[in-house]
Amino acid sequence: MGVKDPAMGRLHIPATYIIIMILGLAWCLGLVTGLSVRTAAAETGVMGEALGMKLAKQAVKANKRWTTADHSKVDALNRDFTSGSQITEACLSCHTDASMQFEKTIHWTWRVDSEKPGIMNGKAGHAVNNFCISGNAMEDKSCLACHVGWNGVEDGVNCLNCHGGETYNYQEAFGDIQAFMGDDDPETLEIIKELQGEIKAAVKNITMPQRGHCGECHFKGGGGDGVKHGDLDTSLIKPNKMLDVHMAAEGADFTCTRCHTTVKHNIAGRLYTRPASAERKSLIQDDMATKITCESCHGTLPHTTDSKMNDHVDKVACQSCHIPAYARVNPTKMWWDWTKAGELKDGKPYSVKGEFGKPVYKSIKGEFSWDKNVQPEYFWYNGSFSNIGIKDGIDPAEIVKVSHPVGGSADPDSRIHPFKIHRGKQPYDKVNKQLVAPMLSGPNGFWSTLDMNDAITHGNKSLDVPFSGEFDYVETTYAFPITHMVAPGKNALSCEECHIRGSSRLANITDIYLPGRDKNDLLDGIGMIAVLGALFGVMLHGLGRFFTRNGKED
Amino acid sequence: MTERKLTKVYLYTRFERLWHWLQALMVTVLLVTGFEVHGTYAFLGFKTAVTVHNYVGLTWLILFAFFVFWLFTTGEWKQYIPTTKKLFDVVLYYAFGIFKGQEHPVQKSRGAKHNPLQRIAYLGISAMLLPVQMLTGLLYYLYNVLPGGIDLSVLAVAHTFVAFLLVNFLIIHLYMTTTGHSLFSHISGMITGWEEIYETTKIQEWENKATKKA
């Protein structure tokens, strides 16, 4: 092979072009292999818009609901009502099975079977939390403020709680009417007539459940706005797109029931020991599936087809990246310490307001802390929770996980999911080693007596759980899945929030190898020493050559 | 010491030079982005680093196939046949002789571009380190679409291990380019194809095997 051969020299020029062409070809091949392998299932996807986004837009294309019934023209509603149960009767005259259906749901019973024999979950069951602790089998009457019935549970289902288009204080109006009944005074009759008119107008205004209906309990549970969930508070009544892309008027403008789809008044989304949805299916796979999961509408290839992000969907829940923080507008309660409850100032119960205009101390409840824009904590989660109820044993030496997500890296149904963890200290039975359920409201309740021992005695009795008479306080945690308040795509987490040494959001998920976060200390140590050693070695060698002048003498 | 005569030899064809520098570029980019993905430092941002690393890695993988094809069709693979002949002499030269102004025991020629030490080093890299790196890299890249397979931590550790070896190679390789008759004579040889060498050592028969056509 001789370059001196002129023919050979010329041959090199086309060779260069061939090489450049090969490079171009190789690059294309690289792209094609890269793409085709990861998107074999996304044949229908169009480059540019993610397949998942296309699917989701399609799923909500027809957004105007229509109906053949106008409740203002219904005779059954065009009469005078003197009690709530009369209204429900009127509803049932057409919707014959409605209350029968509803009374079977957890929204009515507040109880649900658990896997453990003799133990019921739910607020009216044996479940406890670390807020107001227990519903005391509905003996704690203050809990009934949220219950979907007339006069608590006494007078049947109150349909208007979820279907009334108008916020109207029926209890007060009926109370007044009852009081005025039998009075012939024309002025009183006039007032009664006016009240009847108001009631009639309100009753005829029937809607599908709106955000305010659900939010009345789910935004304000635990004793006030935003106390419990962190991703559910009154800021979702009228959110902007930055807070919630699905509920914002300029976004998808969903009501709650757009995703929490309903069958016979059973509303999708309940989580206890069983997941809210057994499998994650898209509407393409099953058009009758609940829409409770992100995949229902967004599918399993939610990002543009060439995106590495699509590889995450089997192990990372969408919420983990797309809800960078919760309680972004209204604060949420993070800490509730019952040990501080019962203090008096000048012999009287008192309360102190803190940073967010929210109470940080109340004699009847103890000490609180609140926070806004909170970074979630992340755990493996298969959709279900493990709960510690009133009948379960605890180890008081450890922090008791009253409610905690179930899952693990080896479980194919588990993904890394964001949670709000509400921490606190609550009473437990020192002898029986169980959490206890102090009665709070009513004449024997802690809020009247400020006597914890007595409150526990009454509370545990309501649940038929023995109390030894000796109690102390134990630190507990309660987990809420963060799933609302989905931020616009551009606000989703950057890779470095997790793929980074030290400050990774997933620092506590230790059973997987996470690139960028993890390393083998031994390998990196030896590697660094070797690299420095090589640098040092060549430097020494070079200096040697410099000082010996490569053995040349000038 | 007497003045030694210099002569120019054409060592590296256009294809070889292009391949060398392209490979140098890809190795550098892959090391820089790879160690960022590894979490050693922040430079381009994790997402960009991953994307660049993936595409450059895949490109190299495919180009490497062409390179192997070229090696075998041209017979250039013979340049990589390891030998113990003069190996020890070369080691001794770099350890001692170079400081005493001794001559390199093996002279470069078109038929023997690599001295015995280079043969072993380049063979190890081309036939062992790079294929292992490409395989672990590909498995890493396809981790999500391949069923079962090796644990990601095993792949990552293997991939990082070879990366460290390649950094070490790069450091020594770069340094060794300065050991020609002048600091940049080796590098300019790889740029122009022509390298100036001392015209003293006779090229031995065994060294010429690669170009000896039947």
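Here is a short chat between a visitor and a guide about the predicted model shown above.

Visitor: Before we start, what do I need to know about numbering and about the pLDDT limits?
Guide: Residues are numbered from 1 along each chain as its sequence is written, while chains are lettered from A and ligands numbered from 1 in the order in which they are written. This is a predicted model, in which totals for chains, interfaces and linings use all residues, local features need pLDDT of at least 70, and side-chain atom pairs count only at pLDDT 80 or more.

Visitor: What radius of gyration does chain A have?
Guide: Take the radius over C-alpha atoms; the globule rule is 2.2 Å times the number of residues to the power 0.38. For a compact globule of 554 residues that would be near 24 Å, but chain A has 32 Å.

Visitor: How many helices and strands does chain A have?
Guide: Helices (H or I, at least four residues) and strands (E, at least two) are DSSP runs, numbered from the N terminus. On that basis chain A comes to 14 helices and 14 strands.

Visitor: What share of chain A is buried?
Guide: A residue is buried if 20 or more other C-beta atoms lie within 10 Å of its own, exposed if 12 or fewer, and partly exposed in between, with C-beta atoms placed from the backbone. Of the 554 residues of chain A, the buried share is 33%.

Visitor: Is A:Asn444 buried, partly exposed or exposed?
Guide: You'll find A:Asn444 in the loop between β13 (434-435) and α12 of chain A. Because A:Asn444 has 18 C-beta neighbours inside 10 Å, this residue counts as partly exposed.

Visitor: Which residues does A:Asn444 contact, leaving aside neighbours within four places in sequence?
Guide: Two residues are in contact if their C-beta atoms, placed from the backbone, lie within 7 Å. With those neighbours left aside, the contacts of A:Asn444 are A:Met439, A:Thr449, A:Asp454 and A:His458.

Visitor: Which element gives the most to the largest nonpolar core?
Guide: A nonpolar core is a set of buried Ala, Val, Leu, Ile, Met, Phe, Trp, Tyr and Cys residues joined through C-beta atoms within 7 Å. The largest has 56 residues, and A:Val128 and A:Val436 are among those that touch the most other members. Elements giving two or more residues include β12, α12 and α13 of chain A. With five residues, the top giver is β14(A).

Visitor: Which elements do the buried residues of α13(A) pack against?
Guide: Helix α13 (residues 452-462) of chain A has buried residues including A:Ala455, A:Ile456 and A:Gly459. Two of these, A:Ile456 and A:Gly459, are touched by A:Val436. The buried residues of the helix pack against β12 (415-429), α12 (446-449) and β14 (471-481) of chain A.

Visitor: Which residue stands opposite A:Trp336?
Guide: Strands pair if DSSP finds at least two bridges between them. Strand β5 (residues 332-337) of chain A is joined to β8(A) by five bridges, and the two run antiparallel. Across from A:Trp336, in β8(A), stands A:Phe368.

Visitor: How many residues lie between β7(A) and β8(A) in their hairpin?
Guide: Two bridges join β7 (residues 359-362) of chain A to β8(A), again antiparallel. A:Lys362 stands opposite A:Gly366. The number of residues between the two strands of this hairpin is three.

Visitor: And in chain B, which helices do the buried residues of α1(B) pack against?
Guide: Helix α1 (residues 14-37) of chain B has 24 residues. Its buried residues include B:Val27 and B:Leu30. They pack against α2 (46-74) and α5 (152-176) of chain B.

Terms used
Expected span 1.5 Å × (residues − 1).
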